[in-house]
Amino acid sequence: MYDRLGRTRTNLHRERAEVNVQRILILGAGFAGLWCAAGAARKLFESKPSNQPIEILVIDARSFHSIRVRNYELDLEDTRVPLADVLDPIGVKWLEGRVKQLDLTGHQVQVQTASGEQTIDYTRLVFALGSTLVRPKIPGLAEHALDVDAYEGALELRDHLASLPSQPASSRRYTAVVIGAGLTGSEITAELPERLAGIAGSRKSVRVILMDRTPEIAQAMGGAQPVIERAMREMGVELRPGVTLKKISARGVELDDGEIIEASTVIWCGGMRANALTAQIPVASDELGRLPVDNSMRVQGVDDVYAAGDSACSLIDGRRPSIMSCQYSRPMGRFAGHNVAADLLGLPLLPLRIDWYITCVDLGPWGAVYTQGRDRVLATQGEQAKRTKRLINHERIYPPRTRNRDDILRAAAPEVDAPPPQNVATG
Ligand SMILES: Cc1cc2nc3c(=O)[nH]c(=O)nc-3n(C[C@H](O)[C@H](O)[C@H](O)COP(=O)(O)OP(=O)(O)OC[C@H]3O[C@@H](n4cnc5c(N)ncnc54)[C@H](O)[C@@H]3O)c2cc1C
């Protein structure tokens, strides 16, 4: 039985035991996990611990780093970055497998790989398994709702939309209902009128509805709210705030008051919650299931376990909890990586503090909207904000893809970036 590292399970343990290698085990290769691996590799490289062999091993269910924030886009091809392109050049080992169980007392993790179950031990653990879409027990949701939470779901939605012309002609064939008008719901909704019109061959038969139980669409989006509402109306999206969903079926959605909206496409965007495996770490998690970490990203009360990204909650600006986001996950990952390596080497840890927060919501062909701060004060909108969004989604959040060790280690410095620019030159 071989793993992706080309070794048998027994060899994996024997190899370590024979040379007394210590292992930093990073669970997850998303925005937090991938950058954690690069941050740890950078710290080890710069410290050159000659008498203290340390291995970095990343485990992810996929062999690629998913640019998850782009899952609402039509072209998903470029949203997968092979792990080999980033981790191989910096000497980080990786294993494709699904983490099943954590044993903190035994310092072990159970992983299901294509070739069977493996037990992997660690000296230090970093939990970076991210978050998943909240899926409440609404009748029909599991069977009939699509989503853009993960790459696989986004592919399913793309294929579903492409298959609509083969459905019998009806008013519901090109009708789509998006439930949940937060950031993700707004982004996928804004794509749909044009995308569906392209598939249907005309805009006439297309109907897109964005609904939420809150009194206003995009209610939590602060200064972006009126912009999102206007953009949706200008794109012909029907807005249904203040409604409660009763069930979803193959016909469409049924509301609490008995109204039925017939739709072939129903997309659920009901918010995110930390990976369920956080429950296996014996600390009190927050209301989103996140592990409390200090400013070095160490899980509070568990000395040899670190966490970063959507699975972790830190007082990011010294007083307010981090927000599940790519913009925080990447620096949390870099600092977790730096610190977990420094910890093993007995070196000082670096505190992470980020004093800024921005939101940039893609509004499809209409443009985008960019806000600053937790109150989401409107900064830019339309084409100007869209240029910032393109810069974020297509360049800023990607790891270097040069396969060059120095490029990758340089990008992994434990530093906080400046916020994305508001004025991006037309390219
Ligand atoms: C459509 C969409 C748009 C978004 N837009 C924005 C935005 O504009 N700005 C922003 O800041 N944030 C945005 N986000 C949120 C952002 O994507 C997340 O906050 C970010 O991905 C969190 O990074 P992470 O590394 O913690 O988790 P993830 O990126 O989700 O990575 C977790 C990794 O863990 C792996 N994994 C999970 N479970 C297991 C397991 N049991 N075994 C092995 N591997 C496992 C996954 O395969 C994945 O690679 C958006 C999210 C979505 C879905």
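Let's start where two parts of this protein meet: across the interface of domain 1 and domain 2, 7 residue pairs are in polar contact, with both residues at pLDDT 80 or more. That confidence score is there because the model you are looking at is predicted.

Which strands should you look for on the domain 1 side? β3 (64–66) and β10 (131–133) each supply at least two residues of the side that touches domain 2. Sorted by class, that side of domain 1 has 5 nonpolar, 5 polar and 4 charged residues.

Charged residues bring us to salt bridges, and the count between domain 1 and domain 2 is 2. For a pair to find in the structure, try D149 and R68: they form a salt bridge, and their closest N and O atoms are 2.7 Å apart.

Now step back and see how the chain is divided. Domain 1 is made of two stretches, 9–132 and 273–355, while domain 2 covers 135–270. If you take the centres of the two domains over their C-alpha atoms, 34 Å separate them.

How many residues are in contact between the domains? On the domain 1 side there are 14, and they are in contact with 12 residues of domain 2.

There is another way to describe such a meeting place. The size of an interface is often given as the accessible area lost when the parts come together. Here, domain 1 and domain 2 bury about 1,200 Å² between them, and 52% of that area is on carbon and sulfur atoms. Within domain 1, the residues that lose the most area to domain 2 are N71, Y72 and L76, which together make up 50% of what that side buries.

Key
Residues are numbered from 1 along each chain as its sequence is written. This is a predicted model: local features need pLDDT of at least 70, side-chain atom pairs count only at pLDDT 80 or more; totals for chains, interfaces and linings use all residues. Side-chain values use heavy atoms; hydrogens and water are left out. Domain bounds come from an automatic or database domain assignment. Contact means heavy atoms within 4.5 Å. Buried area is the accessible area (1.4 Å probe) that two parts lose on being put together, summed over both. A salt bridge is a side-chain nitrogen of Lys or Arg within 4 Å of a carboxyl oxygen of Asp or Glu. A polar contact is a pair of N or O atoms within 3.5 Å; within protein, one must be able to donate a hydrogen and the other to accept it, and residues adjacent in sequence count only if both atoms are side-chain atoms. Helices (H or I, at least four residues) and strands (E, at least two) are DSSP runs, numbered from the N terminus. Ala, Val, Leu, Ile, Met, Phe, Trp, Tyr, Cys and Pro count as nonpolar, Asp, Glu, Lys and Arg as charged, and the others, Gly among them, as polar.
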